Amino acid sequence: MKTKVGVFFGGRSVEHEISVISALQAIAALDAGRYDAVPIYITKQGRWLTGEVLLDSANYRDMAALARRATEVWMKPEYGDHRLYRKGRLGRTQVVAQFDVALPVLHGTNGEDGTFQGLMELIGIPYVGCNVLSSAVGMDKIAMKMMLRESGIPVIDYVWFTDRQWGTERDDLVARIEEKIGYPVIVKPANLGSSVGISRARGHAELVRAVGEAIGYSSRIIVERMIDPLREINCSVCGSADDHRASVCEEPLRSGEILSYADKYMSGGGTGTKNGGTKMSGAAGAKSGTASGGMSSTKRRIPADLPETVSEEIRRLAAETFRVLGCEGVARVDFILDGAEVVYVNEINTIPGSLSFYLWEATGLSFDKLMDTLIAQALKRERDKGHKTVSYDQNIFAYTGAAGAKGGTKFSGKK
Ligand SMILES: Nc1ncnc2c1ncn2[C@@H]1O[C@H](COP(=O)(O)OP(=O)(O)O)[C@@H](O)[C@H]1O
Ligand SMILES: [Mg+2]
């Protein structure tokens, strides 16, 4: 019997469009002989849609028309109910599909950050990739750096604060930034992606403006020492927290000082590797049209041109980052190099653009095999969970002795 895979994408995120591209690539890579893919597109407003119409990227040009042609669906927040519902005739509820495993291909907020994963946990559906904690930590650049630094993984010096603190203790914060880091700095919202809201500042006035911009996107802000000149190297890791491996490294190529949204997704056609569009149109199911290949169309060099010792160190640190954060599935760890040999972990993407398939192809694992690995692992995690105790088969309310005792008094004597 085929495994039914609910593929969730889109979402309330600034990376909405990129997620659509990544998901259509993933659906196309699923072996049609083994899997039935059910596309579930989450609109920018948060509505859930399904239907064949979602499989052609050309249909996303007119979102209103797409929404009319697709079917609005929902799930019940009920443990064990894996069904997708729609409104039927006479207001009756109909079952549209039922799935065995969820594949979130959501980038950024409301999907890559543990929220979607939490929903799957509540409903009890196995899902691909990081769990709630690793997704949430991976999404928040502040929490992530704290955890990595604590584990001895090199990260760039930073100062962080909330928008509220910026309002009440700005002078102190500026003094701390100038003392601890010094200009130039990079200012980032803590929990976005795709370079949105990020800018650099070479002095006080620019810092104030950059923080103002970042605050428009997030209430948590991180200011980092700016590495200049820098090289950027990415490495993907796939597996579980205890058993994983790192891919070859890539070097995405920038047009300006910061790797921008346009560099990442709008440069069209990679260098030095086969990827993107060809894959989407060739494989079963999804019709890709000619839209950008998302992350797989970034201009890049694979493998990155690095001395063997440096690329091995990067791969080791990528794997260690994955382990420390408790990741699962496929992630991409992004590095910043200062000079020839000083390596920092910049960030992790727990649902990377194009699921990093182009890095795995270059490492010898095809996209369809990558999908097999991810789904098998999600199902295995669910089986393993069955061995953990989640509740005691006891009802403390049934003990007459406990009746009447109001918590604290009963237990306080035992401390
Ligand atoms: N400390 C830094 N020094 C210099 N450039 C940086 C620094 N941090 C980020 N950048 C540039 O900004 C880009 C986006 O930053 P990143 O932290 O990767 O955020 P995002 O999650 O939006 O991708 C990076 O790819 C890099 O080009
Ligand atoms: Mg980045």
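Here are four short exercises with worked solutions on this structure, which is a predicted model.

**Exercise 1. Two helices**

Work out how helix 4 and helix 5 are oriented to each other, and which residues make their contact.

*Solution.* Start by finding helix 4 at residues 132-139 and helix 5 at residues 141-150. Next, take the packing angle, which is about 105°, with the axes 5 Å apart. Angles of 65 to 115 degrees count as roughly perpendicular, and helix 4 and helix 5 are therefore roughly perpendicular to each other. Now look at the contact itself: helix 4 brings V137, G138 and M139, while helix 5 brings K141, A143, M144 and M147. Finally, sort these residues by character: 5 are nonpolar, 1 is polar and 1 is charged.

**Exercise 2. From strand 4 to strand 6**

Trace how strand 5 is joined to strand 4 and to strand 6, and find a residue with a positive phi in the hairpin.

*Solution.* Begin with strand 4 (residues 71-74) and strand 5 (residues 83-87): they run antiparallel and are joined by 2 bridges. One pair to look for is V73 with its bridge partner R86 in strand 5. Then move on to strand 6 (residues 93-98), which runs antiparallel to strand 5 and is joined to it by 5 bridges. Here Y85 has V95 of strand 6 as its bridge partner. Last, follow the chain through the hairpin of strand 5 and strand 6: there are 5 residues between the strands, and L90 takes a positive phi near 55°.

**Exercise 3. An open sheet**

Set out the strand order of the open sheet of 5 strands and identify its edges.

*Solution.* Reading across the sheet, the order is 14-13-12-15-16, and the pairing is antiparallel. The edges are strand 14 (300-301) and strand 16, each of which pairs on one side only. Now step inside the sheet to strand 12 (residues 230-239) and strand 15 (residues 329-338), an antiparallel pair with 10 bridges. To locate one of the partners, go to N234 and look across to D334 in strand 15.

**Exercise 4. Annotated residues and the largest cavity**

Find which residues UniProt lists as "active site" and "binding site", and which of them line the largest cavity.

*Solution.* First take "active site": an unreviewed UniProt entry places this feature at E15, S194 and S354. Of these, E15 is included in the lining of the largest cavity. You can find E15 in the loop between strand 1 (3-10) and helix 1 (16-29). Then take "binding site", for which the unreviewed UniProt entry lists E347 and N349. The lining of the largest cavity takes in E347 and N349. To place E347, look in strand 16 (residues 342-349), an edge strand of the sheet in Exercise 3.

Technical notes. Residues are numbered from 1 along each chain as its sequence is written. Chains are lettered from A and ligands numbered from 1 in the order in which they are written. This is a predicted model: local features need pLDDT of at least 70, side-chain atom pairs count only at pLDDT 80 or more; totals for chains, interfaces and linings use all residues. Side-chain values use heavy atoms; hydrogens and water are left out. Axes are lines fitted to C-alpha atoms, for helices over the stretch in contact, and angles run from 0 to 180 degrees between N-to-C directions. Helices (H or I, at least four residues) and strands (E, at least two) are DSSP runs, numbered from the N terminus. Angles under 35 degrees count as roughly parallel, over 145 as roughly antiparallel, 65 to 115 as roughly perpendicular and the rest as oblique. Contact means heavy atoms within 4.5 Å. Ala, Val, Leu, Ile, Met, Phe, Trp, Tyr, Cys and Pro count as nonpolar, Asp, Glu, Lys and Arg as charged, and the others, Gly among them, as polar. Two strands pair if DSSP finds at least two bridges between them. UniProt positions are given in the numbering used here, feature names are shortened, and annotations may be inferred rather than shown by experiment. On a 1 Å grid over the protein atoms alone, a cavity is a set of points where a 1.4 Å probe fits but cannot get out, and a pocket is an open set with protein on both sides within 12 Å along at least five of seven lines; lining residues have an atom within 4 Å of a point.
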